[in-house]
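Reader: I've got a model open and some questions about its charged pairs and strands. Mind walking me through them?

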Amino acid sequence: MWHSGQWDHGPAEKAIQAGTDLLLFIHNEQAGPYMTTQPKTTRAPRIYLAGDTVFRPAAADLFRAMKDICAAAGLEGVCPFDGQAEVDALAPGAQTSLLIARLDRDLMDGCDAGVFCLDPFRRAADMDPGTAVEIGYMAAQGKMLTGYTVDGRPYPRKVAEYRSRAWGDALRERQGTGGSGGMEDADGLIVHSEGMVQNAMTEGFIRLSGGTVCVDADLLTAFAMAIDTLRQRLLG
């Protein structure tokens, strides 16, 4: 109340003021040098392990070895099997295949980078088409990519040897000019991507992301080389 030209605080006003002072004290203590905070934890960068590895014999053992290589480099390897536990009990079919595609997409979304096997698939010249799609998907996300293969033959040579073995024909010099190849096959299709081990839209996207394609006759050695390039880019 007002008394003799100033406020005379009664019991209620004093209680309110005391409570306000206490709240201010607590706030200042929390904001001050005595406040303790939990240290920030940084997880290892997650690497999507892409390739025809999922179709190979003893694929689970191969992925375990790859994850060990990633862990030794301070990275976390993530393989397609990590998101497919529910698939094992399902019958083959379109719906199961679509589920696998969605689960793999979700895994890629949660990874920071990808490492891709560019080996020729099913004894042909070209790599696994599913892996090629994954390269494009992660490239569109702006993520770091790198590749590896045990087959360092130039792509046109792969095509020539495949055509000879499978169809008994040979490449011929192109009638036209321009493009990314000087030869064509017996069907008149340009044998493109000279200077690369795979199609320019697959190896090219890897290189455009700042990555490279590592080659060694041993699969895990080539993989480890590729992982080391990612380690340098991600962790310095």
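Author: Sure, and let's start with R64: its relative accessibility is 49%, so R64 counts as partly exposed. Keep in mind that this is a predicted model.

Reader: Which side chain does R64 meet in a salt bridge?

Author: Look within helix 2, residues 59-72, where the two partners are three residues apart, about one helical turn. The partner is itself partly exposed, with a relative accessible area of 44%. The N to O distance is 2.1 Å, and the residue that R64 meets is D61.

Reader: What about R46 and E76: how far apart in sequence are the parts that this pair ties together?

Author: R46 and E76 form a salt bridge, with their closest N and O atoms 3.6 Å apart. R46 is partly exposed at 22% relative accessible area, and E76 is partly exposed too, at 35%. R46 sits in strand 3 (residues 46-50) and E76 in strand 4 (residues 76-78), so the bridge ties together parts whose separation in sequence is 30 residues.

Reader: Are K158 and D151 buried or exposed?

Author: Their side chains meet in a salt bridge at 4.0 Å, N to O. They also belong to a network of salt bridges that links D151, R153, R157, K158 and E161. The cut-off to apply is under 20% relative accessible area, and K158 and D151 are both buried.

Reader: How many salt bridges does a search of the whole structure find?

Author: Side chains of opposite charge can pair when their charged atoms come close. We've already met some here, including R46 with E76 and K158 with D151. For the whole structure, the search gives 18.

Reader: Switching to strands, which residue stands opposite M183?

Author: Start from the open sheet of three strands, which has the order 7-8-9 and antiparallel pairing. Its edge strands, 7 (172-173) and 9 (190-191), each pair on one side only. Strand 8 (residues 183-184) pairs with strand 9 over two bridges, in the antiparallel sense. Opposite M183, in strand 9, stands V191.

Reader: And A139: what separates its C-alpha atom from that of I206?

Author: A139 lies in helix 4 (residues 129-140) and is partly exposed, at 25% relative accessibility. Leaving aside neighbours within four places in sequence, A139 is in contact with L145 and F205. I206 is 67 residues from A139 along the chain, yet their C-alpha atoms are separated by 7.6 Å.

How values were computed: Residues are numbered from 1 along each chain as its sequence is written. This is a predicted model: local features need pLDDT of at least 70, side-chain atom pairs count only at pLDDT 80 or more; totals for chains, interfaces and linings use all residues. Side-chain values use heavy atoms; hydrogens and water are left out. Two strands pair if DSSP finds at least two bridges between them. Helices (H or I, at least four residues) and strands (E, at least two) are DSSP runs, numbered from the N terminus. Buried means under 20% relative accessible area, exposed over 50%, partly exposed in between (1.4 Å probe, protein chains only). Contact means heavy atoms within 4.5 Å.
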